[in-house]
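User: I would like to learn how to read the features of a structure that is new to me. Please take me through them one at a time.
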Amino acid sequence: MQVFDYEDIQLVPNKCIVDSRSECDTSVVFGSHKFKLPVVPANMQTIIDAPLAKDLASNGYFYVMHRFEPETRADFIREMHQADLFASISVGVKDEEYDFIEQLADANLQPEYITIDIAHGHSQRVIDMIQHIKQHLPESFVIAGNVGTPEGVRELENAGADATKVGIGPGKVCITKIKTGFGTGGWQLAALRLCAKAASKPIIADGGVRTDGDIAKSIRFGANMIMIGSLFAGHEQSPGKTIERDGELYKEYFGSASEYQKGAHRNVEGKKMLVTYKGDIADTLVEMQEDLQSAISYAGGKDLKALTKVDYVIVKNSIFNGDQY
Ligand SMILES: NC(=O)C1=CN([C@@H]2O[C@H](COP(=O)(O)OP(=O)(O)OC[C@H]3O[C@@H](n4cnc5c(N)ncnc54)[C@H](OP(=O)(O)O)[C@@H]3O)[C@@H](O)[C@H]2O)C=CC1
Ligand SMILES: Nc1nc2c(ncn2[C@@H]2O[C@H](COP(=O)(O)O)[C@@H](O)[C@H]2O)c(=O)[nH]1
């Protein structure tokens, strides 16, 4: 099997067909909505909170709320719907989550998107949860994961998932690869390619994106949406704690399976790091859009479809060639 990751690949340009990059359309239809970008901040407690979710939804971006304040989720759905915004929540697979889905159905609270957020998503418990959601909240678009194999994608799709999320261990604050020896860390892009070939429904690439160019590469290798943590961690709106060190500002970014999230050192597969403060998230989203528009123009097209067909080369010794970004 040929394996590679983001930094091992370069996309090959085609003749440009636009007069300005602004002509290139980065929008994507995902589920029942159209979004400005095929990018979503990770459903982690230091990346997204309710105010940022509202801000993103109001401005045409996709979001997935995390599941780590479970008692707030029903009110969150109500508030989003009262504001005429879509609701996108996360659930786990423990017994109380089954009750929660039934409570939502009883209260006629149907979120537009539900993400089943589990480290090892290729499991019977996730399959059962997909079916439970489909039984009680049939209109919700179900995203299930995470998986790292074509078999995982097929089984979750066959169980009724509307999209699957690919990525076991490529994340910046992930230590799964070190603690267990398993995952797609180091070959996430190749795993995405294998999974996308097996998929008959949309795929979310999750983890390992380090530069805006990696968004274009994810689309080339089959992603319909790209979930990103670390690149979104350092903003004014990021819920992580702001820390000052030697006159410089940083934001905390920790893993959902870290002891900081769990409050205990049990089955820890995540760590904490500081990310340089970056200011307003709106500026980062605009820059991502500009970079993706530019990528589309290099692909010789006018929309995201053009990126799915470009040639690529595997670059020896990584594209950075020793440079720091
Ligand atoms: N994308 C990734 O690479 C990874 C992401 N994460 C993130 O960390 C958070 C916590 O994830 P997770 O631990 O799944 O959620 P939970 O802590 O909610 O665990 C869900 C259930 O699955 C069980 N479980 C967890 N891992 C396994 C496993 N490997 N084999 C069998 N059963 C398992 C747990 O039991 P028990 O704890 O008793 O085993 C628990 O009952 C999530 O937000 C997830 O996205 C974590 C690791 C990798
Ligand atoms: N192995 C772990 N993976 C985790 C943990 N918390 C989150 N995640 C995954 O990382 C991505 C974000 O990756 P990034 O490279 O963009 O920073 C996130 O969406 C999860 O899938 C964890 O504790 N352990």
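User: Which side chain has an N or O atom 2.5 Å from an oxygen atom of ligand 2?

Analyst: In this predicted model, that side chain belongs to Asp 206. Two backbone contacts accompany it: a backbone N or O atom of Gly 208 lies 2.9 Å from an oxygen atom of ligand 2, and a polar backbone atom of Ser 230 is 2.9 Å from an oxygen atom of the ligand. On its own, ligand 2 exposes 520 Å², of which the protein buries 91%.

User: Which residues come nearest to ligand 2?

Analyst: There are 22 residues around ligand 2, and those that come nearest are Thr 176, Asp 206, Tyr 253, Ala 257 and Glu 269. Asp 206 is thus named both here and in the side-chain contact at 2.5 Å. By class, the shell holds seven nonpolar, 11 polar and four charged residues.

User: How should ligand 1 be read, and which side chains have polar atoms at 3.1 Å and 3.3 Å from its atoms?

Analyst: The reading follows a similar order, beginning with the contacts. A polar atom in the side chain of Arg 67 lies 3.1 Å from an oxygen atom of ligand 1, and a polar atom in the side chain of Asn 146 lies 3.3 Å from a nitrogen atom of the ligand. The side chain of Arg 125 also takes part, with an N or O atom 2.9 Å from an oxygen atom of ligand 1. Taken alone, ligand 1 exposes 860 Å², and the protein buries 67% of that area. Around ligand 1 there are 19 residues, with Arg 67, Asp 117, Ala 119, Arg 125 and Gly 169 coming nearest. The shell divides into six nonpolar, seven polar and six charged residues.

User: What describes a pair of aromatic rings?

Analyst: Such a pair is described by the distance between the ring centres and the angle between the planes. In this structure the count comes to 16 aromatic pairs. One of them joins Phe 30 and Tyr 113, which are stacked, with 6.4 Å from centre to centre and 5° between the planes. Phe 30 belongs to strand β2 (residues 28–30) and Tyr 113 to strand β6 (residues 113–117), so the pair links distant parts of the chain, 83 residues apart.

User: Are Phe 30 and Tyr 113 buried or exposed?

Analyst: Phe 30 is buried, with a relative accessible area of 1%, and Tyr 113 is buried at 0%.

User: Why is the pair of Tyr 113 and Phe 141 called edge-to-face?

Analyst: The angle decides the matter, because planes over 60 degrees apart count as edge-to-face. The planes of Tyr 113 and Phe 141 stand at 65°, with the ring centres 5.6 Å apart, so the pair is edge-to-face. Because Tyr 113 lies in strand β6 and Phe 141 in strand β7 (residues 141–147), the pair ties together parts 28 residues apart in sequence. Phe 141 is buried, with a relative accessible area of 14%.

User: Which residues do ring pairs link into a cluster?

Analyst: The cluster consists of Phe 30, Phe 35, Phe 62, Tyr 63, Phe 76, Phe 86, Tyr 113 and Phe 141.

User: Where do arginines lie over the face of a ring?

Analyst: Arg 73 lies over the face of Phe 100, at 3.9 Å from the ring centre. Arg 220 lies over the face of Phe 221, at 5.2 Å from the ring centre.

Conventions: Residues numbered from 1 in each chain as written. Chains lettered and ligands numbered in written order. Predicted model: local features only at pLDDT ≥ 70, side-chain atom pairs only at ≥ 80, totals over all residues. Heavy atoms only, no water. Phe/Tyr/Trp six-rings, centres within 6.5 Å; stacked < 30°, edge-to-face > 60°. Helix = DSSP H or I, 4+ residues; strand = E, 2+ residues; numbered from the N terminus. Buried < 20%, exposed > 50% of the residue type's maximum accessible area, 1.4 Å probe, protein only. Lys NZ or Arg CZ within 6 Å of the ring centre and 35° of its normal. Near = heavy atom within 4 Å. Polar contact = N/O pair within 3.5 Å; in protein donor to acceptor, adjacent residues only side chain to side chain. Areas by Shrake-Rupley, 256 points an atom, 1.4 Å probe, with all protein chains shown as cover. Nonpolar A, V, L, I, M, F, W, Y, C, P; charged D, E, K, R; others polar.
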